[in-house]
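Open the model in your viewer and keep the sequence panel in sight. The stops below say what to select and what is found there.

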Amino acid sequence: TRRRKNTINTMSLADRNRVVLLEDRVENVSGAEFPLNFGSQDAVFNLEDFENSFDINIVCVTETDIEFDLIGVDASIANALRRILIAEVPTVAIEKVFMVNNTGVVQDEVLAHRLGLIPINADPAKFLWKQPGDIPTDQNTIVLKLDVACEVNRDAAPGETDPKKKYINSAVYSNQIVWDPKGEQERQFADSPIRPIHDDILITKLRPGQVVSCELHCEKGVGKDHAKFSPVATASYRLLPEIQILEDITGDDAELFRSCFPPGVVDIVEENGVRKAKVVNPRKDTVSREVLRHKQFEGKVRLTRVRDHFIFNVESTGIIAPEKLIEQALDVLMEKCAIAKDAMAKITNGDEEK
């Protein structure tokens, strides 16, 4: 313990913020930025220092995906944001399935489960939460219907074997789910009719004489209640890789060095007629540590990860645009902080409610 404490006290400022990757282990994994951990040095949280170091850089945004860098925060904050994205940003999903008729091969409960996981294009901000015991209204419930019957295609060629040509409605897809507006919903959602996000999600398969008929009720919910309410397909982060070249790596060694990393991480440049390896984009590195297997690079390279630089990748299910997802998740996080702040104030003032 004493040796570990001495190591922390003499650790450079840069190393305190780095996770070090060695050939057979990973060092400096736990954060050490807390008061009295560095001897006489003050590590108390300072708002001004935080404001100067904190940053969010948006790297890439598409219709469904966003990649951004969250810089200058502890892993607990980054993980809280990730968990909120998955479990606490509300959406609207199919909650109840009233099965009128189902003569297909997929059982009612399995079919209902498949229907529930279909993302629905409906703005959750325009709906109220439906509490237990509340009756369905146009303010808290969306009604969808699915009525499909399979029959023989009379126009199919003799001897046809493709079910899609031989039968009509041999496969039931999400685009066959129809919105049944109630109350003021038709006027309210005239510019953006409620429907499944994706038209080509396979629900079930039928054969002539088989029918699926059901009414679907959608409600507002969050992912911590059921995964179908989660607005993201994936939400993950990783620490920014850092590759430090301690000594020049030249010639054939430079080519070998480049091959140890994914394409685009290391390039070969020529300086004063000498070809040498240069790190150009470390964020593409998968941190395989392949380079540490080669004896010729011993003492010439150091692999680390920046502890407070998180590379976030978020893929939306399509219900909410990815950039708006981040905004809403941050709103939830700030609301949680406000609740915690109020609770701490009550404890400090001695008027904690029992």
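Select Glu 323 to begin. Glu 323 is partly exposed, with a relative accessible area of 35%. This residue sits in helix H9, which runs over residues 322-349. Now add Glu 327, Asp 331 and Glu 335 to the selection: together with Glu 323 they form a negative patch on the surface. Bear in mind throughout that this is a predicted model.

**The whole chain**

Clear the selection and show the full chain. It contains 9 helices and 18 strands. The C-alpha trace spans about 80 × 70 × 40 Å along its principal axes. The radius of gyration of the chain is 28 Å, whereas a compact globule of 354 residues would have one near 20 Å. Of the 354 residues, 36% count as buried.

**A patch of the opposite charge**

Next, select Lys 164, Lys 166, Lys 205 and Arg 207. These residues gather on the surface as a patch of positive charge. For a landmark, use Lys 205, which belongs to strand S13 (residues 202-205).

**A nonpolar patch**

Move to Phe 54, Ile 56, Ile 58 and Val 61. They make up a nonpolar surface patch, and their accessible area together is about 330 Å². Phe 54 lies in the loop between helix H3 (47-53) and strand S3 (55-61). Its relative accessible area is 31%, so Phe 54 counts as partly exposed.

**Salt bridges**

Side chains of opposite charge can pair when their charged atoms come close. How many salt bridges does the structure hold? There are 19. Three of them are visited here, beginning with Glu 67 and Arg 283.

Select Glu 67 and Arg 283 and show their side chains. The closest N and O atoms of this salt bridge are 2.7 Å apart. Glu 67 is in strand S4 (residues 65-71), while Arg 283 is in the loop between strand S17 (274-279) and strand S18 (301-316). The pair links distant parts of the chain, 216 residues apart. Is Arg 283 buried or exposed? Arg 283 is buried, at a relative accessible area of 16%.

Now select Glu 219 and Lys 96. They form a salt bridge as well, with 3.3 Å between the closest N and O atoms. Glu 219 lies in strand S14 (residues 211-221) and Lys 96 in strand S5 (residues 91-102), so this pair ties together parts that are 123 residues apart in sequence. The two partners can be compared by their accessibility. Glu 219 is buried, with a relative accessible area of 9%. Lys 96 counts as partly exposed, at 36% relative accessibility.

For another pair, select Asp 267 and Arg 258. Their side chains meet in a salt bridge at 3.6 Å, N to O. Asp 267 counts as partly exposed at 33% relative accessibility, and Arg 258 is partly exposed with a relative accessible area of 30%. Extend the selection to Glu 255 and Arg 275. Salt bridges that share partners join these two with Arg 258 and Asp 267 into one network.

**Two residues with positive phi**

Select Asn 272, in the loop between strand S16 (266-271) and S17. What is the phi of Asn 272? It is positive, about 55°, although Asn 272 is not a glycine. At 82% relative accessibility, Asn 272 counts as exposed.

Then go to Arg 289, in the loop between S17 and S18. Arg 289 is not a glycine, yet has a positive phi of about 65°. Its relative accessibility is 26%, and Arg 289 counts as partly exposed.

**A last stop in the loop between S17 and S18**

Stay in the loop between S17 and S18 and select Glu 298, which lies there too. Glu 298 is exposed, with a relative accessible area of 59%. To finish, add Leu 246 and draw a line between the two C-alpha atoms. Glu 298 and Leu 246 are 10.0 Å apart in space, C-alpha to C-alpha, and 52 residues apart in sequence.

Note on methods: Residues numbered from 1 in each chain as written. Heavy atoms only, no water. Patch = residues over 30% accessible without salt bridge, like charges linked within 9 Å, V, L, I, M, F, W, Y side chains within 5 Å. Areas by Shrake-Rupley, 256 points an atom, 1.4 Å probe, with all protein chains shown as cover. Salt bridge = Lys/Arg side-chain N within 4 Å of Asp/Glu carboxyl O. Lys, Arg positive; Asp, Glu negative; His and termini not counted. Charge placed at Lys NZ, Arg CZ, Asp CG, Glu CD. Helix = DSSP H or I, 4+ residues; strand = E, 2+ residues; numbered from the N terminus. Rg over C-alpha atoms; globule rule 2.2 N^0.38 Å. Buried < 20%, exposed > 50% of the residue type's maximum accessible area, 1.4 Å probe, protein only.
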